[in-house]
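Dear colleague,

I am handing over the structure we spoke about, and my notes follow it. Please read them with the model open beside you.

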Amino acid sequence: MKKLCFATLLLFGLTAHAETVGDTLVIKNAEKVTIETLDTVQHISIRGARDNAGFRYDQRIAYKDTTAVRRSYSKLKDFNKIRLSKKGKKNYWESSLHLCLGLNAMTGVNDDVYSDANWSFKVWPSIEIGVAVTADWCPFGFKNKWSLGLGVDWRNYRMSKDTYIDKDNNARLYLEPYVDEQTERRTSLNVFSVQVPLLYTHTFDADERWSVTLGAIVNFNTTAYAFRKYTAFGEDFEVERHDIGVRPVTLDFMVAVDAPYLPMLYFKYSPTTLFKSGRGPKMHQLSFGIGF
């Protein structure tokens with residue numbers, strides 16, 4: 001808060017006079033003027049005027065502080081944004097929070113060693129959950145945005161209940177069938193990643209309702225394991241297989257569409273295989289869902 005106080009003005013012992021000229025209020029020989037300025041409001045207080053020692057004048061003026069960094073909620077889609085610099089027609093920065101919720105699938109098993117195995121994955125309930133923060137640069141205005149960010153992502157791939165993933169003596173993955181005594185089966189492949197998104201967004205209208213996002217996401221796969229759960233002879237068992245040969249770094253290509261009255265719809269495909277060569281089948285990750 002900035003506070004500016006003008007000293008009392010006493011001129012020739014005269015007191016009190018205020019007059020209105022058009023839309024302008026003229027106060028002559030004010031005794032005390034105080035101007036108090038906050039971030040978004042200014043308070044003007046005047047005490048005493050010529051020919052009227054009891055004169056009082058107070059006014060509060062609200063205004064926009066264009067230099068302040070704050071959230072803007074004028075539209076629902078602005079809820080996740082923070083201005084990092086003064087917004088102008090060109091060249092400004094903002095930060096955005098992103099949340100994605102989707103489904104997963106695997107495409108293509110084109111390895112002769114694994115082609116006969118039933119590496120089948122169910123789209124439901126194979127779930128992806130991700131969150132990221134991006135710094136967004138708009139060098140030519142809001143219609144063109146380049147984003148760089150950091151996030152985390154968890155993908156769960158649910159498999160058939162007939163088989164589970166295991167490793168042989170050479171650390172190669174293979175599918176092993178459940179025995180009849182093993183019931184209430186659940187088999188999944190889980191991958192946790194730290195992500196670096198590199199994105200470009202083009203907005204088509206002035207209200208920022210229609211936009212398309214294209215780009216790539218670099219995944220640093222920090223954790224991956226095969227999981228199975230089953231019941232046998234009245235007891236529940238859970239088994240995790242780690243060190244399953246997932247590549248430490250994979251890449252996703254992403255396209256997303258934002259439209260009025262709908263959440264963002266996204267689609268991701270990985271041109272890189274999930275497993276290292278000789279460790280598992282040559283499968284590619286596929287994800288799609290909604291984002292906020």
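In what follows, a contact means heavy atoms within 4.5 Å. With that meaning, and leaving aside neighbours within four places in sequence, Ile165 is in contact with Trp119, Met159, Leu173, Tyr174, Leu175, Thr187, Leu189, Ala226, Arg228 and Arg241.

Please bear in mind that this is a predicted model. The mean pLDDT of the protein is 81, and 79% of the residues reach 70 or more. Two stretches call for caution: pLDDT stays under 50 over residues 1-18, for which the model has 45 contacts beyond four places in sequence, and also over residues 66-76, for which there are 17 such contacts. Where pLDDT is low, the predicted coordinates should not be read in detail.

Ile165 is also a good place to begin with the interior, since the largest nonpolar core, of 17 residues, has Ile165 among those with the most contacts inside it, along with Trp119, Phe121, Leu189 and Phe275. At least two residues of this core come from each of the strands E11 (144-159), E13 (173-177), E14 (183-203) and E15 (211-232). Arg228, one of the contacts of Ile165, has its charged end over the ring of Tyr164, 4.0 Å from the ring centre.

Strand E17, residues 249-258, has alternating side chains: Thr250, Asp252, Met254, Ala256 and Asp258 point to one face and are buried, whereas Val249, Leu251, Phe253, Val255 and Val257 point to the other and are not buried. E17 runs antiparallel to E15, to which ten bridges join it, and Asp252 in E17 stands opposite Ile217. E17 also pairs in the antiparallel sense with strand E18, residues 264-273, over five bridges, and there Val255 has Phe267 as its bridge partner. The hairpin of E17 and E18 has five residues between the strands, and in this hairpin Tyr261 takes a positive phi near 65°.

Finally, the aromatic pairs, of which the count comes to eight. Trp146 and Tyr200 form a tilted pair, with 4.9 Å from centre to centre and 50° between the planes, and this pair links distant parts of the chain, as Trp146 lies in E11 and Tyr200 in E14, 54 residues apart. The rings of Tyr230 and Phe237 count as stacked because their planes stand at 20°, with the centres 5.3 Å apart; Tyr230 is buried, at 11% relative accessible area, while Phe237 is partly exposed, at 33%. Trp146 and Tyr200 also belong to one aromatic cluster with Trp93, Trp137 and Phe140.

With best wishes

Definitions and conventions: Residues are numbered from 1 along each chain as its sequence is written. This is a predicted model: local features need pLDDT of at least 70, side-chain atom pairs count only at pLDDT 80 or more; totals for chains, interfaces and linings use all residues. Side-chain values use heavy atoms; hydrogens and water are left out. A nonpolar core is a set of buried Ala, Val, Leu, Ile, Met, Phe, Trp, Tyr and Cys residues joined through side-chain atoms within 4.5 Å. Buried means under 20% relative accessible area, exposed over 50%, partly exposed in between (1.4 Å probe, protein chains only). Helices (H or I, at least four residues) and strands (E, at least two) are DSSP runs, numbered from the N terminus. pLDDT is the predictor's confidence in each residue, from 0 to 100. Two strands pair if DSSP finds at least two bridges between them. Rings of Phe, Tyr and Trp (its six-membered ring) pair if their centres lie within 6.5 Å; planes under 30 degrees apart count as stacked, over 60 as edge-to-face and the rest as tilted. A charge sits over a ring if NZ of Lys or CZ of Arg is within 6 Å of the ring centre and within 35 degrees of the ring normal.
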